[in-house]
Structure formats: structure tokens, C-alpha cells
Amino acid sequence: MKVVLFCGGYGLRMRNGAADDMPKPMAMVGPRPLIWHVMRYYAYFGHTEFILCLGYGAHHIKNFFLNYEETTSNDFVLRNGRTELLSTDIADWTITFAQTGIESPIGERLRRVRHHLDGEEMFLANYADVLTDAPLPQMIDSFARRDAGASMMVVPPQSSFHCVDLGEDGLVGGITAVSELPLWENGGYFVLRQEIFDHIPEGGDLVADGCAQLAKQGRLLAHQHRGFWKPTDTVKERAALDAAYARGDRPWAVWERDAAGARA
């Protein structure tokens with residue numbers, strides 16, 4: 001299945017001043033940017049046809065792949081001055097780079113790459129800065145069996161704050177962590193049918209317009225995931241993922257499981 005990735009936003013909370021024009025998907029986690037980790041996740045499950053919805057800082061993403069260094073994340077042999085790769089990351093990937101506007105909402109970005117999805121009954125879509133260990137084949141199979149126009153992964157609230165239950169007399173009746181409330185957040189990792197385009201107006205949003213309309217019709221499916229899921233909206237969140245990568249705590253790196261088993 002083709003994978004549409006939204007990677008054209010400004011990412012203002014990730015930037016280090018006005019001179020920094022690096023888009024958020026290019027923020028580094030370990031030796032590779034966020035978008036690479038997201039793409040490796042999909043590729044591990046056999047989905048290697050990508051459509052990148054570009055916008056702000058598009059040249060950084062293009063240059064990364066046009067000048068891709070396989071030796072950064074793959075073992076190799078240097079023989080007689082020539083490099084012989086023992087494995088490869090992206091040799092079997094097909095990547096379409098599509099400029100979808102600087103200010104476009106996500107729904108409009110999706111609309112602008114619709115022609116790249118002709119003939120696809122179902123396709124995958126996601127943000128380019130959210131990492132997870134969710135069981136993608138299970139999500140796809142569940143959606144394929146249902147009469148729904150879209151599926152989205154939902155996760156427990158990520159806030160570390162607490163909600164306070166107040167009585168009329170101003171006394172606190174209880175305190176509950178937001179993460180323990182019976183609520184779910186949009187976690188991305190969408191599985192979509194062509195029907196989604198019927199519900200996204202020009203300049204519209206994927207979730208607020210497309211998914212909301214399907215929900216009203218009872219045609220939006222949710223996959224509840226309580227495992228690893230981390231957004232990367234701020235410098236602090238990226239630094240936490242980078243530190244986790246450095247100490248070998250990489251639950252999102254599902255592609256490393258086979259390699260670990262082979263070494264055992």
C-alpha cells in the first residue's frame with residue numbers, strides 16, 4: 001500500500017530561532033531524521049511506496065534523500081578503496097516528492113496528491129514526526145474487514161497534568177491524572193479509502209473535516225493503542241527520543257527486532 005506522509009508544516013516549536021529553516025521531520029533522532037524513522041517503520045511491514053507532501057523547508061528533505069548516505073546506518077566493507085554494503089535502507093523504496101504548498105492544511109495536502117493514489121482502494125497516511133510500535137498489519141486487516149471510510153489510531157492522553165473535581169463549596173472531591181481519564185487522542189497512523197476525498201473540502205483538514213464527517217455517519221474506525229507512541233512537537237520531546245535512542249531504548253525501531261534475533 002502507498003504511504004502518504006505530511007511533512008510540510010513550519011514546526012515553530014522545534015526551531016532554534018529565525019535562522020533555523022529546518023522542517024520538523026528533519027529533526028535528528030540518533031543518526032537519522034524523524035521522517036526516516038517513520039518511513040523505516042512502514043518499510044519494515046512491506047510498505048515502501050511513499051508520497052511526501054512537502055511544504056516549508058522542502059529542500060532539506062529532498063537533499064537528504066538525493067544525497068543519502070547508506071553507510072550511516074548500515075554495515076559495510078571497504079575493499080580496495082571501494083565500499084561494499086552488507087545491507088541497505090532505501091534501495092527498494094519509491095519516493096514521490098510533491099510540493100503541496102507552504103500554508104496548506106493537511107486535508108488540502110492530501111487532496112493535492114490524490115492523482116498519485118489513482119487505483120488505490122486503500123492507502124496509508126500519517127504525520128512525519130510521530131513514532132510508535134503499533135501493530136500495523138493488525139490495523140490494516142481490521143480496517144479491511146470493516147465497512148468504514150477511514151481508520152485512525154487513538155492513544156491515551158499524553159498530558160502529565162491532573163484534573164480536579166470541584167464541589168459547589170469549592171472543596172476538591174478528587175484528583176485524576178489526565179492520562180487516566182476515559183479519553184482518547186488522535187494518534188495518526190491513518191488507513192484510508194478513496195471515500196475520504198468526498199469529505200474534505202478545498203482548503204479543508206483531514207481530521208476536523210474528513211474524519212469528523214465519517215464519524216457522524218458511523219464510518220470512522222479507531223484502533224486503540226496503549227503501547228509506545230510519542231509525538232515530537234518540541235525540542236524537549238525530540239531530545240528525549242534522541243537520548244532514548246542513544247541508550248538503546250528504541251521500541252519504535254521495529255526493524256531492529258529481526259536483526260537482534262539474528263545476533264542472538
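Two strands count as paired if DSSP finds at least two bridges between them. The model examined in these exercises is predicted.

**Exercise 1. A hairpin and its surface patch**

Task: Determine how strand 11 and strand 12 run relative to each other, and which residue stands opposite H162.

Solution.
Step 1. Strand 11 covers residues 162-166 and strand 12 covers residues 172-177. Five bridges join these strands, which meets the requirement of at least two for a pair.
Step 2. The two strands run antiparallel. Within this arrangement, H162 stands opposite A177 of strand 12.
Step 3. Five residues lie between the strands of this hairpin, and G170 adopts a positive phi near 85 degrees.
Step 4. The hairpin strands also contribute to the surface: V164, L166, V172 and I175 make a nonpolar patch of about 390 Å². At least two residues of the patch come from each of strand 11 and strand 12.
Step 5. V164 belongs to strand 11. Its relative accessible area is 47%, so V164 is classed as partly exposed.

**Exercise 2. A second hairpin**

Task: Identify the bridge partner of R79 in strand 6, and state which residue of the hairpin takes a positive phi.

Solution.
Step 1. Strand 5 spans residues 76-79 and strand 6 spans residues 82-85; they pair in the antiparallel sense over four bridges.
Step 2. The partner of R79 is R82.
Step 3. Two residues separate the strands in this hairpin, and N80 has the positive phi, near 55 degrees.

**Exercise 3. Salt bridges of D89**

Task: Find the salt-bridge partners R32 and R40 of D89 in the structure, and explain which parts of the chain each pair links.

Solution.
Step 1. The structure contains twelve salt bridges. In one of them D89 pairs with R32, with the closest N and O atoms 3.6 Å apart.
Step 2. D89 is in the loop between strand 6 and strand 7 (94-99), whereas R32 is in strand 3 (residues 32-33), so this pair ties together parts that are 57 residues apart in sequence. Both D89 and R32 are buried.
Step 3. D89 also forms a salt bridge with R40, where the closest N and O atoms are 2.8 Å apart. This pair likewise links distant parts of the chain, since R40 sits in helix 1 (residues 34-44), 49 residues from D89. D89 and R40 are both buried.

**Exercise 4. Salt bridges elsewhere**

Task: Classify D249 and R247 as buried, partly exposed or exposed.

Solution.
Step 1. D249 and R247 form a salt bridge, their closest N and O atoms being 3.7 Å apart.
Step 2. The relative accessible area of D249 is 38%, so D249 is partly exposed.
Step 3. R247 has a relative accessible area of 60% and is therefore exposed.
Step 4. A network of salt bridges links K24, D129 and D233.

**Exercise 5. The surroundings of H199**

Task: Decide whether H199 is buried or exposed, and list its contacts beyond its neighbours within four places in sequence.

Solution.
Step 1. H199 lies in the loop between strand 14 (190-193) and helix 5 (206-216).
Step 2. Buried means under 20% relative accessible area. H199 has a relative accessibility of 15% and therefore counts as buried.
Step 3. With neighbours within four places set aside, H199 contacts D209, G210, Q213, L214 and Q217.
Step 4. L181 is 18 residues from H199 along the chain, and the C-alpha atoms of these two residues are separated by 30 Å.

Technical notes:
Residues numbered from 1 in each chain as written. Predicted model: local features only at pLDDT ≥ 70, side-chain atom pairs only at ≥ 80, totals over all residues. Heavy atoms only, no water. Patch = residues over 30% accessible without salt bridge, like charges linked within 9 Å, V, L, I, M, F, W, Y side chains within 5 Å. Areas by Shrake-Rupley, 256 points an atom, 1.4 Å probe, with all protein chains shown as cover. Salt bridge = Lys/Arg side-chain N within 4 Å of Asp/Glu carboxyl O. Buried < 20%, exposed > 50% of the residue type's maximum accessible area, 1.4 Å probe, protein only. Contact = heavy atoms within 4.5 Å.
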